[in-house]
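Open the model in your viewer and keep the selection tool at hand. We will go from stop to stop, selecting residues and saying what is there.

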Amino acid sequence: MKMSYRKKSMLAGYAFAAPGMIFAILYMGYPLVRSFYLSFTNYNFAFDPKPTFSGLENYISMFSDSYFIDALKNTAVFSLAFFPTLMIVSLIIALLLDKGVKGTGLYRTCIFMAMVVPLSLTGIIFQWIFNNQYGLLNSVLSQMFGLDSWTHNWLGEGKWAMFSIVIVSLWKNMGMLVILFMAGLAGIPDDMIEAAKIDGANSIQTTFRIVLPNLKESYVICGLWAIIQSVKVFEQPFVMTNGGPGTATLVLYQYTWQNAFKYYEMGYASAIAYFIGAVILILSAVNMFINRNKDTDEVKKKKKRRGGAAA
């Protein structure tokens, strides 16, 4: 029986998609299902012949684990410092670059270059910069500006170690959000801005009343990306401080790695990994809900205005 052209096209599409689908199932789907099962077991893969089902024991024991509590607190502190700063600073830079500042091309390149540098190499570079004995930062503060009181053991003191990791993470991740915000700015019709100027709005009024309200999609996308980077932080503290001093910079992802590949407790590590995934999903849902509410509020306001005008 002769096949129709449509069926041939569908089979050809499936054939082209098959390698990618097989890869996704083998290297993404199966690990997700397997790790979810392991999160309900006691399984040290170096010594145990097979996993032993333990129910919710791993999830319950997390909250009596002092290291997990420290990692959770440190991740929360990092996120609270990193997320709003990244969003605000990236938006400001994007707005400045969108104004056509002289040398915009050079600034864009410099900001984007940070994204090209591997995270592990970034950690090594900044480990040298923040070194308290021969680091570049302390040398510049002390020898060039005479600010000896501003020098610190940046990676050896708890509060300064976390501060240093936040700074490095901002430098590394800012380029992506600047690009995303600039893409959103490019999508705002010029007619709206011109109409605002004709009505007498200055640049500040135009920014706050026209530009910023029309970046809702960018807020959602950038917010989701920033949330993931906030909770998933790993390479910076791992390379720069290894979670120290003490547990001052130990974060959830690093603690997951330690349990899986240092202590071989794959069941407990899987439970922590799924806890992290749940946190990301909840925060992402909150981010989308907040922006959706803003949209619905504005729609209601517009309807009221139209109703009032009609009356």
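**Stop 1: the loop between helix 11 and helix 12**

This is a predicted model. Start with Asn 242, in the loop between helix 11 and helix 12. Look at its backbone. Phi of Asn 242 is near 55°, a positive value, and Asn 242 is not a glycine. Why point that out? Most residues other than glycine have a negative phi.

Is Asn 242 buried, partly exposed or exposed? Its relative accessibility is 49%, so Asn 242 counts as partly exposed. The cut-off for exposed is over 50%.

Now select Gly 244 and Pro 245. Pro 245 is in the loop between helix 11 (235-240) and helix 12. Check the peptide bond that runs from Gly 244 to Pro 245: it is cis, with omega near -5°. Most peptide bonds are trans.

**Stop 2: Gln 254**

Move into helix 12, where Gln 254 lies. Gln 254 has a relative accessible area of 0%, so it is buried. Which residues does Gln 254 touch, leaving out those up to four places away in sequence? They are Phe 234, Pro 237, Phe 238, Asn 242, Gly 243 and Thr 249. Asn 242 from the previous stop is among them.

**Stop 3: Thr 256**

Stay in helix 12 and select Thr 256. Thr 256 is buried, because its relative accessible area is 13% and buried means under 20%. Show its contacts, again not counting residues up to four places away in sequence. Thr 256 touches Ala 269, Ile 272, Ala 273 and Ile 276. Keep Thr 256 and Ala 273 selected for the pocket stop.

**Stop 4: Tyr 264**

Go on to the loop between helix 12 and helix 13, the place of Tyr 264. Here is another backbone to check. Phi of Tyr 264 is positive, about 65°, although Tyr 264 is not a glycine. Its relative accessibility is 33%, so Tyr 264 counts as partly exposed.

**Stop 5: the largest pocket**

Turn on a surface. How can we tell where there is room? Rolling a probe the size of a water molecule over the atoms shows where empty space is left.

The largest pocket has a volume of about 690 Å³. It is lined by 22 residues, and the closest to its centre are Leu 32, Ser 35, Tyr 253, Thr 256 and Ala 273. Which elements give two or more residues to this lining? Colour helix 1, helix 12 (252-261) and helix 13 (266-310) to see them. By class, the lining of the largest pocket has 17 nonpolar, four polar and one charged residues.

**Stop 6: the second largest pocket**

The second largest pocket holds about 490 Å³ of space. Of its 20 lining residues, select the closest to its centre: Phe 83, Pro 84, Met 87, Tyr 219 and Asn 287. Helix 3 (66-98), helix 10 (216-231) and helix 13 each supply at least two residues of this lining. Which helix gives the most? Helix 3 does, with nine residues. The lining of the second largest pocket splits by class into 15 nonpolar, four polar and one charged residues.

**Stop 7: Thr 75 and Val 231**

Select Thr 75, in helix 3. At 5% relative accessibility, Thr 75 counts as buried. Beyond its neighbours within four places in sequence, Thr 75 is in contact with Ser 230, Val 231, Val 251 and Leu 252. Try the distance tool from Thr 75 to Met 115. They are 40 residues apart in sequence and 22 Å apart in space, C-alpha to C-alpha.

Now follow the contact to Val 231, in helix 10. Val 231 is also at 5% relative accessibility and counts as buried. Outside four places in sequence, its contacts are Thr 75, Ser 79, Tyr 253, Ile 276, Val 279, Ile 280 and Leu 283. For another distance, pair Val 231 with Leu 180. They lie 51 residues apart in sequence and 20 Å apart in space, C-alpha to C-alpha.

**Stop 8: helix 1**

Finish with helix 1, residues 5-38. How far should its 34 residues span? At 1.5 Å a residue, the answer is 50 Å. The end C-alpha atoms of helix 1 are 46 Å apart, which agrees. Now zoom in on Ala 18. A kink of about 40° lies there, shortly before the proline Pro 19.

Key: Residues numbered from 1 in each chain as written. Predicted model: local features only at pLDDT ≥ 70, side-chain atom pairs only at ≥ 80, totals over all residues. Heavy atoms only, no water. Helix = DSSP H or I, 4+ residues; strand = E, 2+ residues; numbered from the N terminus. Expected span 1.5 Å × (residues − 1). Bend = angle between axes of the 7 residues up to and from the residue. 1 Å grid on protein atoms, 1.4 Å probe; cavity = no way out; pocket = protein on both sides within 12 Å on 5 of 7 lines; lining within 4 Å. Points joined across faces, edges and corners; volume = space filled by probe spheres on them. Nonpolar A, V, L, I, M, F, W, Y, C, P; charged D, E, K, R; others polar. Buried < 20%, exposed > 50% of the residue type's maximum accessible area, 1.4 Å probe, protein only. Contact = heavy atoms within 4.5 Å.
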